Amino acid sequence: MEKKRLAQYKVIEQDLRESIMIGHYKTGDMIPTEAELMAGYGVSRVTVRKALDTLVAQDMLQRVAGAGTFVKNTIVKEKVPILRGFTDEITEMGMTPKSKVVTFEVVKAPDSLYRILGIDKEEMVYHIQRIRYADDVPFVLETTHMSVRLYPDMSLKILNGSKYHYVEDTLGLKIKYSQHTVTPILPSRDVMELFGLSAQQPIVKAANTTFLENGQVLDYTELTYNSPKYQLRYIKQ
């Protein structure tokens, strides 16, 4: 998928949203001040306020006069015992699943993720982006990071099918649970074009860390859902 240059306020907005989604900033935490954001991104106060205004309007942040800007309690975060794989769920719904791998590359672990993945800072990870289809309709945009050292045999062939089936059936590893952080967002331009949505159509994005029974992290995945057509589903026991 072609990368488009984002406006500066959008970069700040998305960075703050990601930091909230992965738990770097939790409910009640104060985010960096406007002055700190201005210095960190090299932008004007107007640009910073435009980014914050959007997150306030989406009810993710709350301004407190004389104190600062804080994360609101609007995020659903759950430990999910059984997360149904997309392939299985779509098949059971009577539709045909398909995966299109958009990006498959090896990169240095991002600073924000190596601790989540349980690996060393200098390790390499797979950066994977897939579009998940049901009857040729795009339902999910999936961006995944996972350890190269722990899963050296990952391939395009595997990713064109079911990653969960490969892990459990081929590697013999058991998925125990997924830690989900779910938040409503407005779609980016790329997502609007992919899903055929308007700029004001709210959708759901989930940050998902999957753990194996042995305590090892399988992956960290961000899932952007075509919410008008497909909703996040899981089984709780």
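In the predicted model, Ser-99 is in contact with Arg-130, Ile-131, Arg-132, Leu-159, Asn-160 and Gly-161, neighbours within four places in sequence left aside. Ser-99 belongs to strand S4, which covers residues 97–108. One of these contacts is also polar: the side chains of Ser-99 and Arg-132 meet at 2.7 Å. The relative accessible area of Ser-99 is 9%. The cut-off for burial is under 20%, so Ser-99 is buried.

A second buried position is Glu-123, at 13% relative accessible area. Glu-123 sits in a loop, between helix H5 (114–117) and strand S5. Its side chain makes a polar contact of 2.9 Å with the side chain of Arg-149. Beyond four places in sequence, Glu-123 is in contact with Val-107, Lys-108, Ala-109, Ser-147 and Arg-149. Arg-149 therefore appears both in the contact list of Glu-123 and as its side-chain polar partner, while Glu-123 itself is classed as buried because its 13% lies under the 20% limit.

Strand S5 (124–134) is followed by a loop that leads to strand S6 (137–147). Asp-135 lies in this loop, and so does Asp-136. Both residues have positive phi values without being glycine: near 50° for Asp-135 and about 70° for Asp-136. Their accessibility classes are not alike. Asp-135 has a relative accessible area of 43% and is partly exposed. Asp-136 reaches 55% and counts as exposed. The boundary for the exposed class is over 50%, which is why Asp-136 at 55% falls within the class and Asp-135 at 43% does not.

Helix H3 runs over residues 45–57 and has 13 residues. At 1.5 Å a residue, the expected span is 18 Å. The C-alpha atoms at its ends are 18 Å apart, so the expected and modelled spans agree. The buried residues of H3 are Thr-47, Val-48, Ala-51, Leu-52 and Leu-55. They cover an arc of only 130° around the axis, and therefore lie on the same side of H3. The face turned away from this buried side carries the exposed residues Val-46 and Ala-57. Just after H3, the backbone of Asp-59 takes a positive phi of about 70°.

Note on methods: Residues are numbered from 1 along each chain as its sequence is written. This is a predicted model: local features need pLDDT of at least 70, side-chain atom pairs count only at pLDDT 80 or more; totals for chains, interfaces and linings use all residues. Side-chain values use heavy atoms; hydrogens and water are left out. Helices (H or I, at least four residues) and strands (E, at least two) are DSSP runs, numbered from the N terminus. Buried means under 20% relative accessible area, exposed over 50%, partly exposed in between (1.4 Å probe, protein chains only). A polar contact is a pair of N or O atoms within 3.5 Å; within protein, one must be able to donate a hydrogen and the other to accept it, and residues adjacent in sequence count only if both atoms are side-chain atoms. Contact means heavy atoms within 4.5 Å. The expected span of a helix is 1.5 Å times one less than its number of residues. The arc is that of the directions from the helix axis to the C-beta atoms.
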